[in-house]
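Me: I am new to this structure and would like to understand the reasons behind the terms used for it. Could we go through them with care, one at a time?

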Amino acid sequence: MRIGLVIVGVILLVVGLLAAGLTYQQTQTLSPLPEYPNAYEATLGSVTAGTMTIAWSGGNANSTVFVYQCSSSSCQSLGSPVAKGTGDSGTLKFSVTGGTTIAIDATGGSTISATVTTDGFVPFTFIGVGLAAAGAFLLVIGIMANRRIRAAPESYADAAPVQDAPPAPLMPGEVDQGHIMQAAPAPAAAPAPGPGQMIKCASCGTLNEMWLHNCRWCQRPLTTTAESG
């Protein structure tokens, strides 16, 4: 859940509902209601769309209430009535739009009292509806959104072993010689025997190794003819 989105959504929703509930309502009592050729004039400047209700009383059977929509704010020409009612009392209800001018008069030769009530929507009503819709949308998104959970780092034991890089491809004309292993170092040569370790043949004087039994030159036994060198 995103707390920030939820808070903003709640604020917009509350403000939008309050603004959407704002309606225009005006009530005025006319006593007496003007008789033709005089008329009561009302200009609906702040109402976007609504209704007007006229309730009259105190007339007679010949009394008639007329409602006109003027072509201009001066109402110099009333034209044809948009609504009318006959009798000693009654109620008229009709739709009105913003910016129009309404003229009301009566005939019948009697004193008529009338109550004019205007109900309608103001621009704040539609702004409030938009704010409420935006707030509800943000509220739903904020509630349904999940916080991002950062994945735990992998341990060194779980890490994949490092593999040796594959051998480079052979160039044209080259021969794969395989893996060349380095030869083990050769053992150190045994020290040559010193002069005291040689046997000199008494017959020919040839020096022989001490493990020989016969002279390597004259082949005579060294046991009888040799002397130490």
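Reply: Gladly; this is a predicted model, and a good place to begin is Val-67, which, when its neighbours within four places in sequence are left aside, is in contact with Ile-54, Pro-81, Val-82, Ala-83, Leu-92, Phe-94, Ile-102, Ala-103 and Ile-104.

Me: What makes these count as contacts of Val-67?

Reply: The word contact requires heavy atoms within 4.5 Å, and Val-67 is listed as being in contact with residues such as Leu-92 and Ala-103, so for each of these pairs that limit is met.

Me: Which residues have the most contacts inside the largest nonpolar core, and why is it called a nonpolar core?

Reply: The largest nonpolar core has 20 residues, and those with the most contacts inside it are Leu-33, Met-52, Ile-54, Val-67, Phe-94, Ile-102 and Ile-104. The name is used because such a set holds buried residues of kinds including Val, Leu, Ile, Met and Phe, joined through side-chain atoms within 4.5 Å. The elements that give two or more residues to this core are β2 (40-44), β3 (49-57), β4 (64-69), β6 (90-97), β7 (100-107) and β8 (113-121). A second, separate core of six residues includes Tyr-68, Cys-70, Cys-75 and Leu-78.

Me: What makes β2 and β5 the edges of the open sheet?

Reply: The open sheet has four strands in the order β2-β7-β4-β5, paired in the antiparallel sense. Both β2 and β5 (81-86) have a single partner strand, so one side of each is left without a neighbour in the sheet.

Me: How do you know that β4 and β5 are paired?

Reply: Pairing calls for at least two bridges between two strands, and β4 and β5 have five, in the antiparallel sense, so the requirement is met. Tyr-68 stands opposite Pro-81 in β5.

Me: Why is Gly-58 called partly exposed?

Reply: Gly-58 has a relative accessible area of 49%; buried would mean under 20% and exposed over 50%, so the value falls in between and the residue is partly exposed. Gly-58 is placed in the loop between β3 and β4, and its C-alpha atom is separated by 6.3 Å from that of Thr-111, 53 residues apart along the chain.

Me: What is special to note about the peptide bonds before Pro-32 and Pro-37?

Reply: Most peptide bonds are trans. The bond joining Ser-31 and Pro-32, however, is cis, with omega about 0 degrees, and the one from Tyr-36 to Pro-37 is cis as well, with omega near 15 degrees.

Notes
Residues are numbered from 1 along each chain as its sequence is written. This is a predicted model: local features need pLDDT of at least 70, side-chain atom pairs count only at pLDDT 80 or more; totals for chains, interfaces and linings use all residues. Side-chain values use heavy atoms; hydrogens and water are left out. Buried means under 20% relative accessible area, exposed over 50%, partly exposed in between (1.4 Å probe, protein chains only).
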